[in-house]
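Colleague: I would like a close look at a single part of this model. Please pick one sheet and walk me through it, from its strand order to what packs around it.

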Amino acid sequence: MSRQLRVAIVGAGPAGIYAADILTKSDADVTVDLIERDPTPFGLIRYGVAPDHPRIKEIIKALKRVMSNDAIRFFGNVAYGDDLKLEQLRTFYDAVVFATGARRDRDLDIPGIDLHGSYGAADFVYWYDGHPDVSREWDFQPHAESVAVLGVGNVGLDIARILAKTADELLVTEIPDNVHEGLKKNAAKDVHVFARRGPAQVKFTPMELRELSHSPNIDVIVHPEGFEFDEGSMDAIRASKSQKLVVDVLTKYLATEPSGAAHRIHIHFCQNPVEVLGEDGKVVGLRTEITELDGTGNVRGTGEFKDWPVQAVYRAIGYYSDQLAGLPFDTNAGVVPNDGGHVLEIDGSPLPGAYVTGWIKRGPIGLIGHTKSDANQTVTMLLEDFEAGRLEAPEQPDREAFDRHLDSLGLHYTTWEGWERLDEHELGLGESHEHQRERVKVVPREDMVRIARS
C-alpha cells in the first residue's frame, strides 16, 4: 500500500506500547496514537506494581525509549467510551487496537464477601500506588491484627508484603505521603495467605517469593499442612524451572525457624475459602474447606472445614476487564472475543478495523514476555489486512485532525511532552522530600493534568 497507515491504540500500558513499537519498526509507513484514560502512560507498571519493586519498574525505561519515537504520540486523560467511541476513531484511523488491560477485581462468589473489612486486591493496589480515581484514604480496621489474603499470584504476595511491612520501610519508595500516613494505621501483625491447591501449583514467581523475607520485620512461615505433592505436582515441577525454584524457596521457608520478628506472613496450602464470617456487618473470620490433591495437580474437597480468626480479607484471585463501548464481550472469560487479533462479532465475523492485544485479548495471565509475543501476533494480522486492502481508509487521515477533534470536545488531554514535565516534577518532589526519595507521585488527577499542560 502506498498510503500511510494510521493506527490508534486504546491503552498505553505495556501491551499498547509494545504494539506501537512493533508497528513502527515494521516495513509499513505508519504513525500511531496511543489514547489513555489516565493522564500518564505505562498502565499497570505505574499503578499495578508494588512500590517496593524497583527492578520491575526498570521496564519503564524501555517503554520510554519506545515512546520517544516521533511516529508515536500519546494522548492521556482521554476516556474511551465517554470521550470517544469506535466509530469516531475510525474517522481518523485505518485501525484501532484495544489494549485496555484488566482494571478491576474478579468476583468471588462466597457468603460474606461483601462484609465490611472484605476488600478487592485491585482497590488496595490502586490506593497504595496513588491512582487518581480511588479514595485517598484506606479503611484499615483498627483491630485487624490478623488478615487473610486469598490467592497465590504475585499480586497476593505484593499485598501480603505491603500489609506486613512497616510504613516507614516504604518511605524509600515512591508512595505518596497520604499512603505513608495511611499505612501507619495498619494494625496487621499476622498476614495469612491461602492457597486452594498445593505448593507446586502456586502462580507467584521465585523473585517475589524470596522478597518476602528481605524485611527484618517479617518472618515467613510456611505451614506443613497441605504441603504435599502428587504425580501431577511432580510433573509441574519437572516441566518448569521457575516452578521448581518456587518449591525450593517454599521448602527453605518451611524448614526455617521463626526469628521472633514483629510481623509474620503465613502461607497455607490446600485451604479453599468458602465463607467470610461476620458479626455486626464486619469481618471476624474466614472459613476454609481443607482440600486434598487428586493425583492430577488439582484438588477435591474433604468435607472438613476450618475457621480462621481474621479481621480483614483481601481477595487477590485475578483481575477482570471492563466491557468496552461498541465491542462484543465474553462475560465468562472477561475478554473481547477474538481470533488472536481481530475483534469478532457475535456471529464470528471480524469487526472491521478493530483489534485487541494484551489482557483484554487473552485474560490477565502471563508476564511481559507474553505481552510482547501477543502484540506481535495482533500487529501481524493488522499489517496483513492493510497490505491486502481490507482496511477502509479514514476520512481524515492527517495527524492534526485528531488533535483538532479533541480540542473541539474541550478535552484537557495530556501529551508525551506533558508526561515528561510531570515526571520531572515528581522526581523533584522526591529530591526535595525530607527523606530524600527518588520520586513522590502526584495523586490528584487535576494536579497531574495541570502540571502536564503547564
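Modeller: Two strands count as paired if DSSP finds at least two bridges between them. Strands themselves are DSSP runs of E with at least two residues, and helices are runs of H or I with at least four; both are numbered from the N terminus. With that rule, β6 and β14 pair: 3 bridges join them, and they run parallel. One of the matched positions is Y119, whose bridge partner in β14 is Y314.

Two notes on the numbers. Residues count from 1 along each chain as its sequence is written, and side-chain values use heavy atoms, with hydrogens and water left out. The model is predicted, so local features need pLDDT of at least 70, side-chain atom pairs count only at pLDDT 80 or more, and totals for chains, interfaces and linings use all residues.

Now the whole sheet. It is open and has 6 strands, in the order β6-β14-β7-β8-β10-β9, with parallel pairing. β6 (118-120) and β9 (218-222) are the edge strands, each pairing on one side only. Neighbouring strands are turned by 20° against each other on average, with direction ignored. Axes here are lines fitted to C-alpha atoms, for helices over the stretch in contact, and angles run from 0 to 180 degrees between N-to-C directions. As background, strands of a sheet pair through backbone hydrogen bonds, either parallel or antiparallel.

Look at β7 next. This strand covers residues 146-150, and 5 of its 5 residues are buried. Buried means under 20% relative accessible area; exposed means over 50%, and partly exposed lies in between (1.4 Å probe, protein chains only). In a regular strand the side chains alternate between the two faces of the sheet. In β7, S146, A148 and L150 point one way, while V147 and V149 point the other way, and all are buried.

β7 has a partner on either hand in the strand order, β14 and β8. Its pairing with β8 (residues 190-194) is parallel and uses 5 bridges. A148 has H192 as its bridge partner in β8. The pairing with β14 (residues 312-315) is also in the parallel sense, over 4 bridges. There, V147 is matched with A312.

S146 deserves a stop. This residue lies in β7. S146 counts as buried because its relative accessible area is 17%. Contact means heavy atoms within 4.5 Å. Setting aside residues up to four places away in sequence, S146 touches D190, P309, V310, Q311 and A312. Of these, D190 belongs to the residue range of β8, and A312 to that of β14.

Helices pack on the sheet as well. α5 touches β6 and β14, and its direction makes about 70° with that of β6. Helix α6 (residues 154-164) lies across β7, β8, β9, β10 (263-268) and β14. α6 runs at about 165° to β7.

What about the core? A nonpolar core is a set of buried Ala, Val, Leu, Ile, Met, Phe, Trp, Tyr and Cys residues joined through side-chain atoms within 4.5 Å. In soluble globular proteins, nonpolar side chains tend to be buried together. The largest core here has 92 residues, and I9, F124, I159, L209 and Y314 touch the most other members. Helix α5 (residues 121-128) gives the most to this core, with 7 residues. F124 is in contact with W138, F140, I159, I162, L163 and Y314, leaving aside its neighbours within four places in sequence. That list ties back to the sheet: Y314 is the bridge partner of Y119.

One last feature touches the sheet. A cavity is a set of points, on a 1 Å grid over the protein atoms alone, where a 1.4 Å probe fits but cannot get out; its lining residues have an atom within 4 Å of a point. Grid points are joined across faces, edges and corners, and a volume is the space filled by probe spheres set on the points. The structure holds 1 cavity of 30 Å³ or more. The volume of the largest cavity is about 50 Å³. Its lining consists of Y119, F140, Q141, A144, V147, L163, N186, A188, A312 and Y314. Two bridge pairs you have already met appear in that list: Y119 with Y314, and V147 with A312.

Note on methods: On a 1 Å grid over the protein atoms alone, a cavity is a set of points where a 1.4 Å probe fits but cannot get out, and a pocket is an open set with protein on both sides within 12 Å along at least five of seven lines; lining residues have an atom within 4 Å of a point.
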